[in-house]
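Work through the exercises below with the sequence and the model side by side. Try each task before reading its solution.

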Amino acid sequence: RSRGLGDVYKRQDIILNNRLDNGLIDRCAKEAAGEARPISDVRATADYRREMVEVFTRRALKEVMAKAK
């Protein structure tokens with residue numbers, strides 16, 4: 001099943017309506033990875049790609065938090 005933008009907007013609302021801290025960043029990164037439905041192919045497994053969703057989400061939100069200070 002393909003995930004729609006509704007999932008992205010749900011997370012956006014959570015971030016915009018709460019104070020961004022490490023706990024919220026971890027929660028959002030884990031949820032994003034859990035909702036990701038990547039494929040496996042010769043370049044990377046689905047598990048690796050899912051892990052990268054978590055890593056990149058965490059990095060992006062930490063960058064936002066740092067710039068907001």
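Three exercises follow, each with a worked solution.

This is a predicted model: local features need pLDDT of at least 70, side-chain atom pairs count only at pLDDT 80 or more, and totals for chains, interfaces and linings use all residues. Residues are numbered from 1 along each chain as its sequence is written, and side-chain values use heavy atoms, without hydrogens and water.

**Exercise 1.** State the order of helices and strands in the protein chain.

Solution. Take helices as DSSP runs of H or I with at least four residues, and strands as runs of E with at least two, numbered from the N terminus. The protein chain has three helices and zero strands. The pattern along the sequence is α-α-α.

**Exercise 2.** Check the span of helix 2 against its 14 residues.

Solution. The expected span is 1.5 Å times one less than the number of residues. For the 14 residues of helix 2 that gives 20 Å, and the end C-alpha atoms are 20 Å apart, which agrees.

**Exercise 3.** Find the largest nonpolar core and the helix with the largest share of it.

Solution. Start with buried residues (under 20% relative accessible area, 1.4 Å probe, protein chains only). Keep Ala, Val, Leu, Ile, Met, Phe, Trp, Tyr and Cys, joined through side-chain atoms within 4.5 Å. The largest core has seven residues: Ile-14, Leu-20, Leu-24, Ile-25, Cys-28, Leu-61 and Met-65. Helix 2 (22-35) and helix 3 (46-68) each supply at least two. Helix 2 gives the largest share, three residues. Now list the buried residues of helix 2: Leu-24, Ile-25, Cys-28, Ala-29, Ala-32, Ala-33 and Glu-35.

Notes. Buried < 20%, exposed > 50% of the residue type's maximum accessible area, 1.4 Å probe, protein only.
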